[in-house]
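Trainee: I am new to this structure and would like to look closely at one part of it, and then at how other parts pack together. Could you take me through it step by step?

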Amino acid sequence: AEVQELSETSVSNKAASPVSTRMEGASDAQPRERSATARYGSTGSLGAEGEADNVQVNGTGHFYISPTRSYIVTFILFLINLLNYMDRFIIAGVLGDIQDYFKINDTLAGLLQTVFICSYMILAPLFGYLGDRYDRKMLMSIGIFIWCGVTLAGSFTTPSYFWALVLCRALVGIGEASYSTIAPTIIADLFVGDKRTIMISIFYIAIPVGSGLGYILGSGVMKLTGDWHWSMRVTPCVGFLVFLFLIFFVPNPSRGASEDHTDSPSSRTSWREDLKYLCTNRSFVLSSFGTASVSFTTGALGFWTPVFLLRARNINNFTEHTTNSSHDSLIFGAITCVTGIVGIGIGAMTSKYLKKKIPEADPLICAVGMLSSSPCLFIAIVLAKHSIALTYFFIFLAEIFLALNWAIVADILLYIIIPTRRSMAEAVQITICHVLGDASSSYIIGAISDTIRRSQPASSYWSFVSLEYAFLLCPFIAVVGGALFLWTARYLEEDRKKASQQIRDPAEVTCAQRT
């Protein structure tokens with residue numbers, strides 16, 4: 001995009017004739033007076049003619065980006081997020097082959113995921129803190145370059161260097177922590193209102209779609225090449241290409257630019273002050289724990305469903321696909337892709353329609369999604385020993401209801417947290433989600449299953465039933481999540497208005513940050 005410097009004369013002439021404009025989705029009922037000076041943000045920031053060049057800059061350093069380029073930026077960020085989640089679940093798609101190659105047991109195999117989640121959780125708050133204070137594009141670029149490099153390096157490990165693969169998976173957490181905490185805040189600075197909801201929805205579709213494609217890509221490339229190493233080389237090679245797109249096409253907007261918020265050094269605070277602010281935001285705390293319940297349920301499903309269905313086939317004497325779970329991995333991966341697109345789309349459209357009538361619509365939609373997924377999960381679990389087809393059907397419904405939450409929860413965070421603390425808020429929410437969610441759910445389900453099985457005779461029947469009983473924890477957690485989102489609805493409007501006031505009034509922002 002061509003950058004054109006606006007002359008001081010032009011700027012002063014425009015500043016002398018203020019125009020009354022209104023940001024789409026702004027919380028205040030009355031239009032706000034604002035100078036026509038160009039600034040950053042596509043939604044609600046068009047010039048007098050309603051059109052503008054891709055990017056303009058004035059003497060104060062404020063930018064304007066065209067809607068077209070904003071959409072391109074969102075698409076690039078979506079691609080990177082998609083590759084991140086594909087890479088995360090490729091390991092699961094070829095885990096059996098990795099175990100055979102390195103001659104490792106289940107405990108060591110599980111270490112590959114554990115070290116990644118641990119590094120991700122530890123580094124996310126760090127990058128959240130940095131993302132609220134330093135160049136976000138630079139931080140993302142460094143993280144993505146490291147992610148691509150170590151993922152590719154891990155694909156060249158030999159049988160005697162399993163520890164090197166473990167180290168590479170731990171370093172992958174650097175890339176994902178840098179990106180996942182910062183990218184949503186850049187989208188927030190390009191859009192507001194309904195358009196922000198839609199763009200955030202598109203960005204978070206990458207979670208279920210990328211997860212499903214990871215299963216499919218991992219097992220598919222393994223079957224095609226006969227070597228699991230090639231499965232791990234696809235995403236980093238594509239990642240280097242998308243890395244170049246990030247460098248050349250993604251800008252670094254001012255924090256809160258789409259909401260007329262001024263990002264200045266005086267508005268920045270310490271890590272302790274940021275945490276204090278987040279902990280006193282009741283909507284943020286409750287919605288984060290609600291999101292952890294979503295992560296717990298989806299994490300348990302993603303890790304254990306193929307194994308659970310394999311054991312169900314064994315006790316029903318189905319001879320096909322009883323030696324491995326690759327068939328069920330492919331089906332489950334396809335279901336995850338489709339339900340993610342459908343669920344996130346339904347959630348975004350429902351939110352867009354209901355928010356105009358019900359201010360607390362977002363957490364209420366999340367609550368309905370969680371509470372509706374619970375009976376579907378229960379039915380899917382108890383039907384597994386009777387009908388695999390019906391189990392898949394109810395898993396399909398449950399995942400649609402669970403997918404309603406992803407984009408909406410992200411949107412809630414963006415409008416209840418002031419711009420200069422959004423990266424930190426993303427980091428804290430990610431940490432809560434993983435510690436109480438997918439990082440622990442797989443282990444807890446497995447531990448419950450092993451405890452039950454040890455008290456019973458060794459048989460394929462009890463191998464299935466013990467996992468079935470352990471899986472019943474998921475419907476209960478879904479109900480808890482629904483209750484947390486209902487609780488969030490009680491405080492949402494109050495916290496949203498408080499954040500909007502702080503964004504509009506710089507003095508209020510400074511006062512709130514110091515107290």
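Trainee: What should the 15 residues of helix 17 (residues 422-436) span at 1.5 Å a residue, and how far apart are its end C-alpha atoms?

Mentor: Please keep in mind that this is a predicted model, in which local features need pLDDT of at least 70 and side-chain atom pairs count only at pLDDT 80 or more, while totals for chains, interfaces and linings use all residues. Residues are numbered from 1 along each chain as its sequence is written, and side-chain values use heavy atoms, with hydrogens and water left out.

Helix 17 (helices being DSSP runs of H or I, at least four residues, numbered from the N terminus) should span 21 Å, and its end C-alpha atoms are 21 Å apart, which agrees; the expected span is 1.5 Å times one less than the number of residues. Of its 15 residues, 13 are buried (under 20% relative accessible area, with a 1.4 Å probe and protein chains only), so helix 17 is largely enclosed by the rest of the structure.

Helix 8 (residues 206-225) is likewise largely enclosed, because 14 of its 20 residues are buried. Just after helix 8, G226 takes a positive phi of about 75 degrees.

Turning to packing, helix 5 (residues 136-154) and helix 10 (residues 234-249) pack at an angle of about 165 degrees, with their axes 9 Å apart; axes are lines fitted to C-alpha atoms over the stretch in contact, and angles run from 0 to 180 degrees between N-to-C directions. That makes helix 5 roughly antiparallel to helix 10, the term for angles over 145 degrees. The contact (heavy atoms within 4.5 Å) includes S141, I144 and F145 of helix 5 and F243, L246 and I247 of helix 10. S141 touches F243, L246 and I247, not counting residues up to four places away in sequence, and at 9% relative accessibility S141 counts as buried.

Helix 14 (residues 361-383) and helix 15 (residues 388-403) also pack at an angle of about 165 degrees, with their axes 8 Å apart. That makes helix 14 roughly antiparallel to helix 15. Among the residues that meet are G369, M370 and C376 in helix 14, and L390, F394 and F401 in helix 15. By class, this contact of helix 14 with helix 15 has 13 nonpolar, four polar and no charged residues, where Ala, Val, Leu, Ile, Met, Phe, Trp, Tyr, Cys and Pro count as nonpolar, Asp, Glu, Lys and Arg as charged, and the others, Gly among them, as polar.

Methods:
Helix = DSSP H or I, 4+ residues; strand = E, 2+ residues; numbered from the N terminus. Parallel < 35°, antiparallel > 145°, perpendicular 65-115°, else oblique. Buried < 20%, exposed > 50% of the residue type's maximum accessible area, 1.4 Å probe, protein only.
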